[in-house]
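Subject: The structure you asked about

Hi,

Here is the structure I promised to pass along. Have a look at it first, and then read on for my notes.

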Amino acid sequence: MSYIFEVLPSLLDGALVTLQVFFIVIILSIPLGAALAFLMQIKFKPLQWLLTVYVWVMRGTPLLLQLIFFYYVLPSVGVTFDRMPAAILAFTLNYAAYFAEIFRGGIEAIPKGQYEAAKVLKFNQLQTIRYIILPQVIKIVLPSVFNEIINLVKDSSLVYVLGVGDLLLASKTAANRDATLAPMFIAGGIYLLLIGVLTVASKRVEKKFNYYK
């Protein structure tokens with residue numbers, strides 16, 4: 001038990017970095033994904049092709065490879081990022097692609113009659129999106145969005161490959177130093193706790209949006 005209290009401070013410091021990555025990526029990637037989903041509805045072939053390729057590349061290649069690309073490959077062409085910005089950029093672009101597909105599916109699930117009703121009410125496009133489409137889309141996509149958010153907690157451990165001192169790197173450092181796997185299991189418990197909190201939060205948020213039924 002004394003060993004747990006000995007290594008816990010360094011693990012909690014790593015957990016704070018993990019949470020920092022998590023919250024920044026969520027704040028950036030969800031609005032970006034939603035914006036991309038609405039841009040996909042524009043009937044302009046070059047734009048649709050560009051967004052389709054972006055989503056295909058981001059979803060079709062491993063996040064680990066994207067992290068390596070932004071931090072290790074781009075400097076060879078003169079584009080350099082520090083460790084944390086490179087991680088944030090890679091995660092944001094990756095998860096925005098997934099959120100874009102989720103929101104696109106939600107938008108396309110809205111009956112066409114809703115758009116006609118908006119025209120009858122003299123709503124412009126922004127009003128239609130804000131007051132009619134978006135509330136319904138949010139209700140539809142909430143479970144899928146929260147699944148991706150939970151996945152992000154686990155995927156955030158990949159930042160250790162860039163040398164970012166997150167929870168996983170802190171646990172591996174302690175495990176190698178002390179020749180024991182205990183720090184790894186403690187880190188696993190912290191991840192489970194974070195995911196448990198998010199799971200409870202997701203259920204409460206979904207319940208609040210039940211009034212859109």
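Below is what I found, going from the whole chain down to single residues.

**Overall picture**

One caveat up front: this is a predicted model. The protein has 8 helices and 0 strands, so to speak an all-α string that reads α-α-α-α-α-α-α-α from the N terminus. If you put a box around the C-alpha atoms along the principal axes, you get roughly 70 × 45 × 20 Å. Of the 213 residues, 38% are buried. Take the contacts between residues at least 6 apart in sequence, and 76% of them join residues at least 24 apart.

On the surface side, about 12300 Å² is exposed, with carbon and sulfur atoms supplying 68% of that area. For the charges, I get 18 positive and 11 negative side chains, and the centres of these two sets are 14 Å apart.

**What the record says, and what the model shows there**

The UniProt entry, which is unreviewed, places "domain: ABC transmembrane type-1" at residues 15–202. In the model that stretch is 80% helix and 0% strand, and its end C-alpha atoms sit 21 Å from each other.

The unreviewed entry also lists residues 20–39, 51–74, 86–107, 128–146 and 181–201 under "transmembrane region". I checked two of these spans:

- Residues 86–107 come out as 100% helix and 0% strand, with 31 Å between the end C-alpha atoms.
- Residues 128–146 are also 100% helix and 0% strand, and here the end C-alpha atoms are 25 Å apart.

**Aromatic pairs**

How many aromatic pairs does the structure hold? The count is 6. One of them is Tyr-71 with Tyr-72: the ring centres are 4.8 Å apart and the planes meet at 85°, so this pair is edge-to-face. The cut-off for edge-to-face is over 60 degrees, in case you want to check the call. The two partners differ in cover: Tyr-71 counts as buried because its relative accessibility is 16%, whereas Tyr-72, at 45%, counts as partly exposed.

Another pair is Tyr-95 with Tyr-98, whose ring centres lie 6.3 Å apart with the planes at 45°, so this one is tilted. Both residues belong to helix 4 (residues 83–108) and are 3 residues apart, about one turn of the helix. Tyr-95 has a relative accessibility of 2% and therefore counts as buried, while Tyr-98 has 24% and counts as partly exposed. The cut-off for buried is under 20%. Ring pairs also bring in Phe-99, linking Tyr-95, Tyr-98 and Phe-99 into a cluster.

**Two more residues in helix 4**

Asn-94 is in helix 4 as well. Is Asn-94 buried or exposed? With a relative accessibility of 4%, Asn-94 counts as buried. Setting aside residues up to four places away in sequence, Asn-94 touches Met-58, Thr-61, Leu-63 and Gln-66.

Thr-92 is in helix 4 too, and its 7% relative accessibility makes Thr-92 count as buried. What does Thr-92 contact once its neighbours within four places in sequence are left aside? The partners are Val-25, Leu-28, Ser-29 and Leu-32.

**Two spots to click on**

Most residues other than glycine have a negative phi. Ala-179 is not a glycine, yet has a positive phi of about 55°. You will find Ala-179 in the loop between helix 7 (167–178) and helix 8 (182–208). Ala-179 is exposed, as its relative accessible area is 73%.

The other spot is Asn-147, in helix 6 (residues 125–155). Asn-147 has a relative accessible area of 48%, so this residue is partly exposed. Leu-198 is 51 residues away from Asn-147 along the chain, and the C-alpha atoms of the two are separated by 9.6 Å.

That's it from me.

Cheers

Conventions. Residues numbered from 1 in each chain as written. Heavy atoms only, no water. UniProt positions renumbered as here; feature names shortened; annotations may be inferred. Helix = DSSP H or I, 4+ residues; strand = E, 2+ residues; numbered from the N terminus. Buried < 20%, exposed > 50% of the residue type's maximum accessible area, 1.4 Å probe, protein only. Contact = heavy atoms within 4.5 Å. Areas by Shrake-Rupley, 256 points an atom, 1.4 Å probe, with all protein chains shown as cover. Lys, Arg positive; Asp, Glu negative; His and termini not counted. Charge placed at Lys NZ, Arg CZ, Asp CG, Glu CD. Phe/Tyr/Trp six-rings, centres within 6.5 Å; stacked < 30°, edge-to-face > 60°.
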